[in-house]
Amino acid sequence: MFFRKKKNQNYNLDMNNIPKHIAFIMDGNGRWAKKRKMPRTYGHHEGTKTIRTLALEANRLGVKAMTVYAFSTENFKRDASEVDYIFRLPKEFFNLYLKELMDNNVQIRYIGHLDLSPKETQDIINEAVKKTSVNTGLILTFAFIYGGRDEIIETTKIICQKYKDGDITLEQINEAYFEKHLMTKDLPNVDLMIRSSGEYRLSNFLLWQLAYAEFVFDDILWPDFNEDELHKAIAIYQGRERRFGGVLK
């Protein structure tokens, strides 16, 4: 069920029922900047601070994985100057926060087509992945030049090639086998998906992985999304009955 959160909601988190994997559609950066008569790029700049804040808090709460929709395959349709700025944001983000993330045992990963970004962007993200690879806390994954449909198609191609090469039979192909070839194969299933800014769309994000996730849609624009909003979203998640197609006894 799609749910718009109420404001000023009381919550008491059950620390034994924290979602293992939270995914975020970080929406509203441009509108946040426009309200302040600033360029859209300023909203993206401020939005990176939210990623840092929520990653540290999710890590503290015991969340195992956090995936953020940083740049979609469709975002190339935006103005070239905005796209260029977004490609520069990883350098800014990791220069500011990588040490702090390292100190908090956060591991960095990415999914998507990083190879389509400028070399400097590739280098800074790959360096962050390398430096944090031994960390065992929260896995912070950036979906960068990523699309859910594209991921499903690419996964299908991989499996088709294995079948063509005689490595597998048709009978071996099932949901579990398919999931092992997704970009998120080493991550737990998404339990909670949060989208900021009051929009009610998935926007081609983690289409396979969100099949049984709980959705929370929030009016708050992304740069204003903070620890309190995260707690409220988790409280809503904890109030849901997750049946996975069955019936609770």
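This is a short tour of a predicted model, with selections to make in the viewer.

**Stop one: a surface patch.** Select Tyr-163, Leu-170 and Ile-173. Together they make a nonpolar surface patch of about 280 Å². Now keep Tyr-163 alone. Tyr-163 sits in helix α5, which covers residues 148–164. Its relative accessibility is 42%, so Tyr-163 counts as partly exposed.

**Stop two: a strand residue.** Select residues 139–146 to show strand β4, then pick out Thr-141 within that strand. Is Thr-141 buried or exposed? Thr-141 counts as buried because its relative accessibility is 1%, and the cut-off for buried is under 20%. Next, show what surrounds Thr-141. Beyond its neighbours within four places in sequence, Thr-141 is in contact with Met-66, Thr-67 and Val-68. Arg-109, Tyr-110 and Ile-111 are also in contact with Thr-141, as is Leu-187.

**Stop three: the loop between β5 and β6.** Strand β5 spans 192–195 and strand β6 spans 214–217; select the loop between them and find Ser-197. Ser-203 lies in the loop between β5 and β6 too. Check the backbone angles here. Most residues other than glycine have a negative phi. Ser-197 has a positive phi, near 85°. The phi of Ser-203 is also positive, near 50°.

Finish with a surface view of these two serines. Which class does each fall into? Ser-197 is buried, because its relative accessible area is 8%. Ser-203 has 33% relative accessibility and therefore counts as partly exposed.

Terms used. Residues are numbered from 1 along each chain as its sequence is written. This is a predicted model: local features need pLDDT of at least 70, side-chain atom pairs count only at pLDDT 80 or more; totals for chains, interfaces and linings use all residues. Side-chain values use heavy atoms; hydrogens and water are left out. Patches are made of residues with over 30% relative accessible area and no salt bridge: like charges are joined within 9 Å, nonpolar side chains (Val, Leu, Ile, Met, Phe, Trp, Tyr) within 5 Å. Accessible areas come from the Shrake-Rupley method with a 1.4 Å probe; for residues, only the protein chains shown count as cover. A salt bridge is a side-chain nitrogen of Lys or Arg within 4 Å of a carboxyl oxygen of Asp or Glu. Helices (H or I, at least four residues) and strands (E, at least two) are DSSP runs, numbered from the N terminus. Buried means under 20% relative accessible area, exposed over 50%, partly exposed in between (1.4 Å probe, protein chains only). Contact means heavy atoms within 4.5 Å.
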